[in-house]
Structure formats: C-alpha cells, structure tokens
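Welcome, and thanks for taking a look at this one with us. Below is a short briefing to read alongside the sequence and the model.

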Amino acid sequence: MSTPDADGLLAEQLLRLTRRLHRSQKRQLQSADIAITPAQSRLLRTVAHYEQPPRMADLAERLEVVPRAVTSLVDGLEAGGRVRRVPDPANRRVTRIELTDKGRATLRALRDARRAAAEDVLAPLTAQQRETLAGLLSTLVDSPGPHC
C-alpha cells in the first residue's frame, strides 16, 4: 500500500521526468532549427487532428483556453507560415485554420524530436522495462476519475 510520502515522491519523479523530456525535445528542435513554443506546438497538433480545418472556437474549446489565446497562437503560427486562415465555404463570416506545407513539415519535425527525446530519456531501460512502463502509463492515462 502506498503512503502519502511515497506518492508525493512518485509525483515529484514524474514531474522531473516530464521536465527532462521537454528539455531534451527542446534541444532536438533547436538543433533542427525549429523555433516554436510548446503552446504553438500543441495548437499545430490539435489542428492536424481535425479532418476539416477547424474554427478558432473549436480550437479554443479543444485546448480549453479562451478564444483570445488561440488568436495569439494562430497569429504567431501564421506569421511563421505554418497555418493560414481560410474562409468557411458554407459561412463566409467564419474563419477556419488550416495547416500549410511548412506546418506539416513542422509537425514531422516535432514528432521526430519527441521520438529522439523519448529515446534519450528511456535509454537506460531494457525493452521489457519499456513495455512495463508503457503498460503502467497507459493504465494511469486511461483510468477514469477526476482529470485536471
């Protein structure tokens, strides 16, 4: 049975590991000369999950942020040529956000950086340990209950 101190230590270890993973991914992106913030990265990944270009309101809801935050992120990504605003064919008052070729290339670079960062962080583990860790993390991520 776990104790509050053991759970606190585990939580701290998970946070440290997450920060280490983020630092490694950031280094990978810098070495590939990709300048993108974590929030912009998240927005790009979110846009890519839609079959049709999403509306700004869709993105704000999915990211659980205020619409103004999405506008700022889109402005930055559009200035960098990674997304573009396009009119909705059914309602010209609605603007949709679509990925550009550069945006898709950035997503590929992000995936490569994430894989390289994971390899860096997971290097000390054997294949069996990685499989065990993957199962444990899946249990935690997929478990019902309060989510932040």
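Let's begin with one side chain: at 9% relative accessibility, Asp-88 is buried. Its carboxylate is paired with Arg-96 in a salt bridge, with 2.6 Å from N to O. Please keep in mind that this is a predicted model. The bullets below start from that pair, move through the other salt bridges and two buried spots, and end with the whole chain.

**The Arg-96 and Asp-88 pair**

- The two partners sit on either side of a cut-off: Asp-88 counts as buried because its 9% relative accessibility is under the 20% limit.
- Arg-96, by contrast, counts as partly exposed, at 21% relative accessibility.

**Other salt bridges**

- How many salt bridges does a search of the whole structure find? The search finds 10.
- One of them joins the side chains of Asp-75 and Arg-85, at 2.7 Å from N to O. This pair links distant parts of the chain, with Asp-75 in helix H4 and Arg-85 in strand S1, 10 residues apart.
- Both of these partners are partly exposed: Asp-75 has a relative accessibility of 35%, and Arg-85 has a relative accessible area of 28%.
- Glu-78 joins in as well, since Asp-75, Glu-78 and Arg-85 are linked in a network of salt bridges.
- Another salt bridge brings together the side chains of Asp-101 and Arg-104, at 2.8 Å from N to O. Here both residues belong to helix H5 (residues 101-122) and lie three residues apart, about one turn of the helix.
- Asp-101 is exposed, at 58% relative accessibility, while Arg-104 is partly exposed, with a relative accessible area of 37%.

**Helix H3 and its cover**

- Which residues of helix H3 (residues 56-63) are buried? They are Met-56, Asp-58, Leu-59, Ala-60 and Leu-63.
- The cover over these buried residues includes two helices, H2 (38-48) and H4 (67-79), together with the strands S1 (83-87) and S2 (95-99).
- Just after H3 comes Glu-64, and its phi is positive, near 60°.

**Gln-40 in helix H2**

- Gln-40 is found in helix H2. Is this residue buried or exposed? Gln-40 is buried, with a relative accessible area of 14%.
- Setting aside neighbours within four places in sequence, Gln-40 is in contact with Leu-73, Gly-76 and Leu-77.

**The chain as a whole**

- The protein chain has six helices and two strands, and from the N terminus on these elements run α-α-α-α-β-β-α-α.
- Its radius of gyration is 19 Å, whereas a compact globule of 148 residues would have one near 15 Å. The C-alpha trace spans about 60 × 35 × 25 Å along its principal axes.
- Buried residues make up 25% of the 148 residues.
- Of the contacts between residues at least 6 apart in sequence, 49% join residues at least 24 apart.
- About 10500 Å² of the protein chain is exposed, and carbon and sulfur atoms supply 56% of that area.
- The chain carries 24 positive and 18 negative side chains, and the centres of the two sets lie 5 Å apart.

Technical notes. Residues are numbered from 1 along each chain as its sequence is written. This is a predicted model: local features need pLDDT of at least 70, side-chain atom pairs count only at pLDDT 80 or more; totals for chains, interfaces and linings use all residues. Side-chain values use heavy atoms; hydrogens and water are left out. Helices (H or I, at least four residues) and strands (E, at least two) are DSSP runs, numbered from the N terminus. The radius of gyration is taken over C-alpha atoms; the globule rule is 2.2 Å times the number of residues to the power 0.38. Buried means under 20% relative accessible area, exposed over 50%, partly exposed in between (1.4 Å probe, protein chains only). Contact means heavy atoms within 4.5 Å. Accessible areas come from the Shrake-Rupley method with a 1.4 Å probe; for residues, only the protein chains shown count as cover. Lys and Arg count as positive and Asp and Glu as negative; His and the chain ends are not counted. The place of a charge is taken as NZ of Lys, CZ of Arg, CG of Asp or CD of Glu. A salt bridge is a side-chain nitrogen of Lys or Arg within 4 Å of a carboxyl oxygen of Asp or Glu.
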